[in-house]
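Notebook open, structure loaded. I'm jotting things down as I look them up.

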Amino acid sequence: RRKQFLYIDLNENKKENLNENDLIKHISELKEIIQMKDNIINKLEEQLNDYKNQKEKKITEQNSNTKENWKIKDSNLYNDFNIKFRNPIHKLSNHTAHVYCLTILKDGRLASGSLDKSIIIYNKETYKPDLTIKEHSDYVSCITTLSSGILASCSADKTIKLFDIKNYSYNVLQTLTLHTNIVYKIIELKNKYLVSCSDDQSIKFYIKNNNEYIKDYQVSTNGGCTSVIQTKDNEIRYSEKTNNSICFFDLNERKIISRLNNIKKNNDYYEWFIMINKDLLLIPWDKKISIINVNKYNLVRIIDVPDSYNIAGVCMINENMLLT
């Protein structure tokens, strides 16, 4: 306190007629005051930096420990995906019966297939129908867009149809009639093969020849086959109604390399399967979800979803969030 007063007095020139020794003494004391203030400022700055570092470390640890919650909160999920509960941005009610399947055309338009035997193509801006296709004589079970832009559909009328969609018109390029019962699923493999599965206990593989698809070979299944998916470049997975089996089929050797029985307990006619990463296959059924490792061909775990009823579809919203 004395040094502080001295500093004030000197600044206001209240001390006069100081001799040389007094001046040296006061200069030394003033230097001490300045050094003391610098030290205090440095310590305060160090404390402030420590506080900032501790705060950042705490936030990082919280984010690491609650990664999923952090993603949900910070990604602003519902706004990002335009989801508003009880308030959809569009409600399309153009079909007269159940909607069984959806796909996106190469031009970005939405297409839907229905129990009413029709396929509807929707306008990207208004979401009103641009085109309604009524070429099947029974319900449409699956539609998919091929890499060439062609729309492929299959139906309970036992047929597969290929459509060339141009704006507000379409052409039926080909109708495949090799199945003898309901065709549940059609997919395009990475090697451009078309694959279809049916209740006629067969899976058929088609190859393109002179702009048309012809059957290359087929696989007999143990009971009707309701779903097929590509799990690896050289492998597909399909289901069999008998024993609720899941079969892994090698495309190169053209043989079953693994069969898992009773992965699910009910016998769904429609099944949705997704690969949630390169190793894990996810299968929903009833109020449960089975997760299978496609490398070890074993059941990893079953997730109970008790507040649901007959899970009918699944998708990954991001790497940590599953939507059912």
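**Cysteines**

How many disulfides does a search of the whole structure find? Zero. I should say up front that this is a predicted model.

I wanted to see why Cys-142 has no bond. The closest cysteine sulfur belongs to Cys-154 and lies 4.6 Å from the sulfur of Cys-142, so the pair is too far apart for a bond. The cut-off I'm working with is 2.5 Å between the sulfurs. I also checked exposure: Cys-142 is buried, at 7% relative accessible area.

Next I went to Cys-197. Its nearest cysteine sulfur is that of Cys-225, 3.9 Å away, and Cys-197 is in no disulfide. Cys-197 is buried too, with a relative accessible area of 0%.

**Sheet β1 to β4**

I traced an open sheet of four strands, ordered β1-β2-β3-β4 and paired antiparallel. β1 (99–104) and β4 (129–133) are the edges; each has a single partner strand, so one side of each has no neighbour in the sheet. Ignoring direction, I get an average turn of 20° between neighbouring strands here.

Inside this sheet I looked at β2 (residues 110–114) and β3 (residues 119–122), which run antiparallel and are joined by three bridges. Which residue of β3 is the bridge partner of Gly-113? I find Ile-119 there.

**Sheet β9 to β12**

Another open sheet of four strands goes β9-β10-β11-β12, again with antiparallel pairing. β9 (183–188) and β12 (212–220) each pair on one side only, which puts them at the edges. Neighbouring strands are turned by 20° against each other on average, direction ignored.

I followed β9 into β10 (residues 194–198): the two pair antiparallel over five bridges. One pair I noted is Ile-186 with its bridge partner in β10, Ser-196.

**Cores**

Which residues have the most contacts inside the largest nonpolar core? I wrote down Leu-189, Ile-203, Phe-205, Ile-236, Tyr-238 and Phe-249, in a core of 20 residues. The elements that give two or more residues to this core are β9, β10, β11 (202–209), β12, β14 (235–240) and β15 (245–250).

I picked Ile-236 for a closer look. Leaving aside neighbours within four places in sequence, Ile-236 is in contact with residues including Leu-189, Phe-205, Val-228, Ile-229, Cys-247 and Phe-249. Gln-230 and Thr-231 are also among the contacts of Ile-236.

There is a second, separate core of 13 residues, and Ala-152, Cys-154, Leu-162 and Tyr-213 are among its members.

**Thr-159**

Is Thr-159 buried or exposed? It's buried, with a relative accessible area of 11%, and it sits in the loop between β6 (151–155) and β7 (160–166). The side chain of Thr-159 makes a polar contact of 3.3 Å with that of His-136. Not counting residues up to four places away in sequence, Thr-159 also touches Ser-153, Cys-154, Thr-175, Leu-176, Thr-177 and Val-183.

**Ile-303**

Last stop: Ile-303, in strand β20 (residues 298–304). I have Ile-303 down as partly exposed, at 24% relative accessible area. Which residues does Ile-303 touch, not counting those up to four places away in sequence? My list is Lys-287, Lys-288, Ile-289 and Ile-291. I also looked up the C-alpha separation of Ile-303 and Ile-289: it is 5.0 Å, with the two 14 residues apart along the chain.

Technical notes: Residues numbered from 1 in each chain as written. Predicted model: local features only at pLDDT ≥ 70, side-chain atom pairs only at ≥ 80, totals over all residues. Heavy atoms only, no water. Buried < 20%, exposed > 50% of the residue type's maximum accessible area, 1.4 Å probe, protein only. Pairing = 2+ DSSP bridges. Axes fitted to C-alpha atoms, helices over the stretch in contact; angles between N-to-C directions. Polar contact = N/O pair within 3.5 Å; in protein donor to acceptor, adjacent residues only side chain to side chain. Contact = heavy atoms within 4.5 Å. Core = buried A, V, L, I, M, F, W, Y, C linked by side-chain atoms within 4.5 Å.
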